[in-house]
Amino acid sequence: MTLNPVSTPLWPAPYATGAVEATVQVPGSKSVTNRALVLAALAAEPGWLRRPLRSRDTVLMAEALRTLGVGIEETVSSDSAAPGSALAGGGEAWRIIPSGLRGPATVDVGNAGTVMRFLPPLATLAEGDIRFDGDPRSYERPLHGVIDALRALGARIDDDDRGSLPMTVHGTGSLDGGTVEIDASSSSQFVSALLLSAPRFNQGVEVRHIGPRLPSMPHIRMTVDMLRRVGAQVDEPESGGEPNVWRVTPGALLGRDLTVEPDLSNAQPFLAAALVTGGRVIVPDWPAHTTQPGDRLREIFTTMGGSCELTEAGLVFTGSGRVHGIDVDLGEVGELTPGIAAVAALADGESVLRGVAHLRLHETDRLAALTKEINELGGDVTETADGLRIRPRPLHGGVFHTYDDHRMATAGAILGLVVKGVEIENVATTAKTLPDFPDLWTGMLDGTGQ
Ligand SMILES: O=C(O)C1=C[C@@H](OP(=O)(O)O)[C@@H](O)[C@H](O)C1
Ligand SMILES: C=C(OP(=O)(O)O)C(=O)O
């Protein structure tokens, strides 16, 4: 793929004049919010979603479900909070009222992997034609695993033999389901997509992953965990099942009252700020137990020189003033790669990031984009077959292009904290999962930024 930097407004990344000391309330998880919306839409009764993430990806998901007939009411008042819940006293909640899914409809997936992969299985349960379209990049992102699997399970899909978007699912109101083999080595979301709607397939589903290694296992665990919480019966490898095989039994889903955890992958730049400036950042409401891949940051950023403690106040992450290189397989936590690469470029030794070849098909080709942009600031990054080799060099200011990738923008902001004169092109792309990023970032730096 060729990377074509575009010219959009430049955001001067704030430079930290000292150690960052801040408490940062991180908005809700994209991955949890979008799974919860799908499960609530498929439930047999209404449910609540509290502290949902409101970002481009989740609003696209909510809009798509509304287009298919699901009621999603937004409330921003203390009345919406369950007594004693984290929101009592104010906050935002969505009430989700399932109804018969119906077309014809057009779903805009934007560039949201969760929308383009999780909704086609649900669309097979709608009556009528559901057309899927999205950003130009969505045409390039892999979808064949979902399309081929749904066809094998009884669906009719018209994609002009592309195996990608745009496409139309000819929904008939039900899907046979059954056993299907897929190669999910390019995206774990293929597996999650099939499992999430499977309780509503006539025979449920048995998904057998037959390809090489499967990325992002914590996200598949999240899918299984959230399915079980709404009453689905799931057999999976990690509770004694066959390796690479997941089974979901058909059955009705419960409408639940769920409070969304902070997005731990979006906590990454803030923790990185403490690491690279030798400061301290507290992220309130860090869950003690979670399936989110961002929880691995506690270990990864500790290896890279920080230390952390889970306290009543949240996760307290402290930098030591030293940043170390790391040799790590990020296959399970690929979405953390851009932020880790940025920190690695500021370390005292070389880093090797492995197991993330599939990032070439994320929002942009992240391996190419990180290599190009860090090197243009004076860095020494090379692509390997499955990741990056990063040799820290003294960096200088310049424009950091983002290629419509929210995690490129936050990676550039991390560099800008300690490298004067970094300008982020199109910081607004952070709206994909964290529209508040520029404000949260400058707020974090009150007193230590310039
Ligand atoms: O299921 C999910 O919510 C996600 C799974 C992962 O996708 P891949 O397995 O395609 O990397 C991850 O990178 C993405 O940000 C979110
Ligand atoms: C890969 C990502 O997103 P998506 O859900 O679009 O795959 C990401 O958020 O890093």
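The following legends describe close-up views of a predicted model.

**View 1. Surroundings of ligand 1.** In this predicted model, ligand 1 is surrounded by 13 residues, and the closest are Ser-31, Arg-35, Ser-187, Ser-188 and Glu-335. Side-chain polar atoms approach oxygen atoms of the ligand at several points. For Ser-31, a polar side-chain atom is placed 2.6 Å from an oxygen atom of ligand 1. For Ser-187, the corresponding separation between a polar side-chain atom and an oxygen atom of ligand 1 is 2.7 Å. His-362 contributes an N or O atom of its side chain, 2.8 Å from an oxygen atom of ligand 1.

**View 2. Environment of Arg-54 in the loop between β3 and α2.** The loop that holds Arg-54 lies between β3 (47-50) and α2 (56-67). Arg-54 has a relative accessible area of 37% and is therefore classed as partly exposed. Leaving aside residues up to four places away in sequence, Arg-54 touches Val-59, Glu-74, Glu-92, Trp-94 and Pro-435. With Glu-74, there is a polar contact from side chain to side chain, at 2.5 Å. The C-alpha atoms of Arg-54 and His-358 are 27 Å apart in space, and the two residues are separated by 304 residues in sequence.

**View 3. The β6-α3-β7 crossover.** Strand β6 (residues 105-108) presents a covered face, formed by Ala-105 and Val-107, and an uncovered face, formed by Thr-106 and Asp-108. β6 pairs with strand β7 (residues 127-133) in the parallel sense, over 4 bridges. Within this pairing, Asp-108 stands opposite Asp-133 of β7. From β6 the chain passes through helix α3 (residues 113-123) to reach β7, in a right-handed β-α-β crossover. Helix α3 is mostly covered, with 11 of its 11 residues buried. Among the buried residues of α3 are Val-115, Met-116, Arg-117, Phe-118 and Leu-119.

**View 4. The open sheet β2-β15-β17-β16.** This open sheet consists of 4 strands in the order β2-β15-β17-β16, with mixed pairing. The edge positions are taken by β2 (21-23) and β16 (307-311); each has a single partner strand, so one side of each lacks a neighbour in the sheet. On average, neighbouring strands of this sheet are turned by 10° against each other, direction ignored. Strands β15 (residues 280-283) and β17 (residues 314-318) are joined by 4 bridges in the antiparallel sense. Val-281 is found opposite Phe-317 in β17.

**View 5. The open sheet β18-β19-β21-β20 with helices α10 and α11.** The order of the 4 strands in this open sheet is β18-β19-β21-β20, and the pairing is mixed. β18 (327-329) and β20 (380-384) form the edges; because each has a single partner strand, one side of each is left without a neighbour in the sheet. The average turn between neighbouring strands of this sheet is 10°, direction ignored. Strand β19 (residues 351-354) runs antiparallel to strand β21 (residues 387-391), and 3 bridges join the two. One bridge partnership links Ser-351 with Ile-390 in β21. Helix α10 (residues 337-344) packs on the sheet, where it touches β19 and β21, and its direction makes about 170° with that of β19. Helix α11 (residues 366-376) also packs on the sheet, in contact with β20 and β21; the direction of α11 makes about 165° with that of β20.

Notes: Residues numbered from 1 in each chain as written. Chains lettered and ligands numbered in written order. Predicted model: local features only at pLDDT ≥ 70, side-chain atom pairs only at ≥ 80, totals over all residues. Heavy atoms only, no water. Buried < 20%, exposed > 50% of the residue type's maximum accessible area, 1.4 Å probe, protein only. Contact = heavy atoms within 4.5 Å. Polar contact = N/O pair within 3.5 Å; in protein donor to acceptor, adjacent residues only side chain to side chain. Pairing = 2+ DSSP bridges. Axes fitted to C-alpha atoms, helices over the stretch in contact; angles between N-to-C directions. Right-handed = clockwise from strand over helix to strand, strands pointing away. Near = heavy atom within 4 Å.
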